[in-house]
Amino acid sequence: MDFLISGTHINPVYLIGIGFIVGILGGFFGVGGSFLAGPALFALGMPMNFVIGTDLTHIVGKSVVAAKKHRALGNVDIKLGLIMASGTIAGVETGAQGIQYLKHQANVDVIVGIGFIVVLVSISTFISWESWQTLKVQKKSGGMKSVAAVANDTLKKDESVLAHVSRQIHRFHLPPIISLPNSGIERVSLWAILAVAFVGGVFSGFLGGGAGYIRMPSMVYLLGVPTHVAVGTDLFEIIISAGYGTLTHAVKGNVDIMVALVMHTGAAIGAQIGATLTEYFRGTWIRLAFAPLPLIGAGLVIYSLVTGQHF
Amino acid sequence: MKIRSQKIMSLGSYLTELLVYACFVSAYFFLVLHFLGDWVKQVFDENKALYAILALALILVQGYLLEILTSALLRMIRSKGR
């Protein structure tokens, strides 16, 4: 099929297939999936500027489907999502400006890139370790109950051996202080939420895509949001931040909406399946399965450093 | 045994949903997307700001409609399975 806007010829079945796989990942983990869709679109012959804009557009559509499903499951904190969206947009702009600035500095992008790799590998290692420790504790405390009873009791009640970290952040009393009853948070400083969202946005602006591999674990470990709610809220937040990205990229002529619409037909059903699958897993298992994703982000940084291209 | 049969039924529901959904998508693809291309390209060439709003509106509307379709399909197939 000819896609006139980007001037490419791509078999729509490939696009639907890519969308389907990325949709499952997005629905289950609450990430955009740019680390997979971006390289795939590029490999199909789409120019790089269209890859970035079109991928963001398809993420908007997919996140609508997955967030709506998560909302039906009670996994979306709209108040938290709206606050995070503002922090993310500011972070994305800062990250994008940072890229522009670094282009004029010799070797600085290499140093920052290596810094990002260290951060992403650390996050992956940390999540693996934390999830594993929590599973060991759960196994000890749940040893007396039957498997079915444990599954029914604690599927959505999240546990973490690092819950004290988020409790420390909740004690940070810089006004305005807000409460997030849907996330089970009684008191938290608005600045703490904005800071977490801003850092995720900087990664997004610098590396492209939604950077859900930073934001989702940050919501769990730093803000103390239960994993299921973090996944659903992240998807809701992505609708706003990726929607903003869609508008800015489309004005610059970097979006082929027809490619995004075709991809999204596959992503819609994938996102439904991914979101439904979260019903069958505990938060700890979702986090453990999530652990390799930051490594893909690290791989992208290495690719960017070697080739000079950004996804 | 009961859990296993439930899992098989759930997998069967998903496969049936995928099959029915594929038929819907094929029809949508040929009836709507195929004819939309030229008009959207014209808007892209003439007015980028309008194109940006149109692009966001199209993906949001498609997202909303496909969510309704996939949810309805899943509900229908599951209720028939029972």
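How many residue pairs, both at pLDDT 80 or more, are in polar contact across the interface of chain A and chain B? The rule finds six such pairs, a polar contact being a pair of N or O atoms within 3.5 Å, where within protein one must be able to donate a hydrogen and the other to accept it, and residues adjacent in sequence count only if both atoms are side-chain atoms. This is a predicted model, in which local features need pLDDT of at least 70 and side-chain atom pairs count only at pLDDT 80 or more, while totals for chains, interfaces and linings use all residues. Residues are numbered from 1 along each chain as its sequence is written, and side-chain values use heavy atoms, with hydrogens and water left out.

**View 1. The side of chain A that touches chain B.** Helices H1 (12–29), H3 (48–72), H10 (227–251) and H11 (257–277) of chain A each supply at least two residues (helices are DSSP runs of H or I, at least four residues). H11(A) gives the largest share, 12 residues. By class, this side comprises 24 nonpolar, 10 polar and three charged residues.

**View 2. Salt bridge between A:Lys68 and B:Glu67.** The two side chains meet at 2.8 Å, N to O. One salt bridge is found across the interface (a side-chain nitrogen of Lys or Arg within 4 Å of a carboxyl oxygen of Asp or Glu).

**View 3. Contact between chain A and chain B.** In contact (heavy atoms within 4.5 Å) are 37 residues of chain A and 34 residues of chain B. The chains bury about 3,000 Å² between them, 78% of it on carbon and sulfur atoms (accessible area, 1.4 Å probe, lost by two parts on being put together, summed over both).

Notes
Chains lettered and ligands numbered in written order. Nonpolar A, V, L, I, M, F, W, Y, C, P; charged D, E, K, R; others polar.
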